[in-house]
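User: Got a model to go through. Can you walk me over it?
Analyst: Sure, put it up.

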Amino acid sequence: MFDLNTELYKKLYLIRTAEKKIQEYYPQDKMKTPMHMSMGEEAIVVGICQALKKEDHVFGSCRSHGLYLAKTGETDQFFAEMYGKVTGGAKGKAGSMHLSAPEMGLMGVMAIVAGGIPVAVGVAFANKRQKNNKIAAIFFGDGAIEEGCFWESLNVACLMKLPILFICEDNRFAKNTPDIKRHGYKNISEIVSKFDCNVFEEESTDAEVIYNLTRRAIDLMSANGMPCFLHLRYYRYLEHVGVNEYFNEEYRLREEFEKWKEKDPIDLQRKKLLVLGMAEDNIKKIEKEIDDKIGISVDLADKAPFAEISEVYKDVFL
Ligand SMILES: Cc1ncc(C[n+]2csc(CCOP(=O)(O)OP(=O)(O)O)c2C)c(N)n1
């Protein structure tokens, strides 16, 4: 339990610190990619990726910095991609919204809302055919539920009993539009539970709670062969896109934000380590190692060259 909680904290701290670095350096205008920040959602991606096997396949949306870092733990290619440099995972052609590291199971993240869902279902189908015991996990926002391909994909996955986790990261907003202005129904989980799948619902910023829930989901999926739908609530700290702390009170309440901030996933996990008996100095040592690693990655990315012009059409489907 101590080891698990330490691992969870390392990932949570890594994600938050990497994004704080992005906030700090973005105004230099060297990172040209739009930024959809993960701040607030870290417990979900960290808890789930911890519960998955290394070789499982993960897919995400445009808001996937946290997912990438939780799944891979690496920061060199991550920052190089942000800077658009040849040392990035996609040689600088992908940016923040199309990250991938297939060798580490991060198969791809996509800017088209719900775009990754049918792709993940296809991979789950291949995994089942190959009997390789791998799980596909697709992360998407609540806005993706409004896309037809979500329902088509869910239907096929249930019909074919595919080994897939559908993870709805529900922050109640698609850009600035709240769920009540978009949904002709009350409860997503209630509707999804009409399908032949295992449905889980949780609102927690505790990565250990999410980890345990995911373990239960995976166990149930291997017992009854049915896909899982995880409906997980969180609060997006920043605006839809961008790195500023600006909070738009035209569409959401600051009090709600303050309430979620009190149970911030990183602070919560740090306090838990202290309660479990980890010395403050040990925690600081862990944090320093991660700070240093990120500092080096940013420096390397900044100094790295851009790809040659001849690379422009390579690795691109036209
Ligand atoms: C098919 C499609 N329609 C519209 C957009 C424009 N768009 C980008 S993000 C977004 C809202 C996404 O909300 P949600 O899925 O809840 O994810 P979140 O931003 O909350 O993580 C929209 C409408 C898009 N990228 N793709």
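User: Where does UniProt place the "transmembrane region"?
Analyst: At residues 106-126, according to the unreviewed UniProt entry. UniProt positions follow the numbering used here, feature names are shortened, and annotations may be inferred rather than shown by experiment. Residues are numbered from 1 along each chain as its sequence is written. This is a predicted model: local features need pLDDT of at least 70, side-chain atom pairs count only at pLDDT 80 or more, and totals for chains, interfaces and linings use all residues.

User: What is the helix and strand content of residues 106-126?
Analyst: The span is 52% helix and 19% strand. Its end C-alpha atoms lie 16 Å apart. Helices (H or I, at least four residues) and strands (E, at least two) are DSSP runs, numbered from the N terminus.

User: Which residues does UniProt list for the "Dehydrogenase E1 component" domain?
Analyst: The unreviewed entry lists residues 12-309. That span is 45% helix and 12% strand, with end C-alpha atoms 37 Å apart.

User: Switching to the ligand. Which residues come nearest?
Analyst: Arg63, Val113, Gly141, Gly143 and Ala174, out of 15 around the ligand. A residue counts as near if its C-beta atom, placed from the backbone, lies within 6 Å.

User: How does that shell divide by class?
Analyst: Seven nonpolar, five polar and three charged. Ala, Val, Leu, Ile, Met, Phe, Trp, Tyr, Cys and Pro count as nonpolar, Asp, Glu, Lys and Arg as charged, and the others, Gly among them, as polar.

User: Now helix packing. At what angle do α1 and α8 cross?
Analyst: Roughly 115°, between α1 (residues 2-25) and α8 (residues 207-224), with axes within 10 Å. Axes are lines fitted to C-alpha atoms, for helices over the stretch in contact, and angles run from 0 to 180 degrees between N-to-C directions. The two helices are therefore roughly perpendicular (65 to 115 degrees).

User: Which residues meet there?
Analyst: Leu4, Asn5, Leu8 and Leu12 in α1 meet Ala207, Glu208 and Tyr211 in α8. Contact needs C-beta atoms, placed from the backbone, within 7 Å. Five of the contact residues are nonpolar, one is polar and one is charged.

User: And α2, how is it set against α1?
Analyst: The axes of α1 and α2 (residues 42-51) cross at roughly 135°, within 10 Å. They are therefore oblique to each other, outside the under 35, over 145 and 65 to 115 degree ranges. From α2, Glu42, Val46 and Gln50 make the contact.

Key
Two residues are in contact if their C-beta atoms, placed from the backbone, lie within 7 Å.
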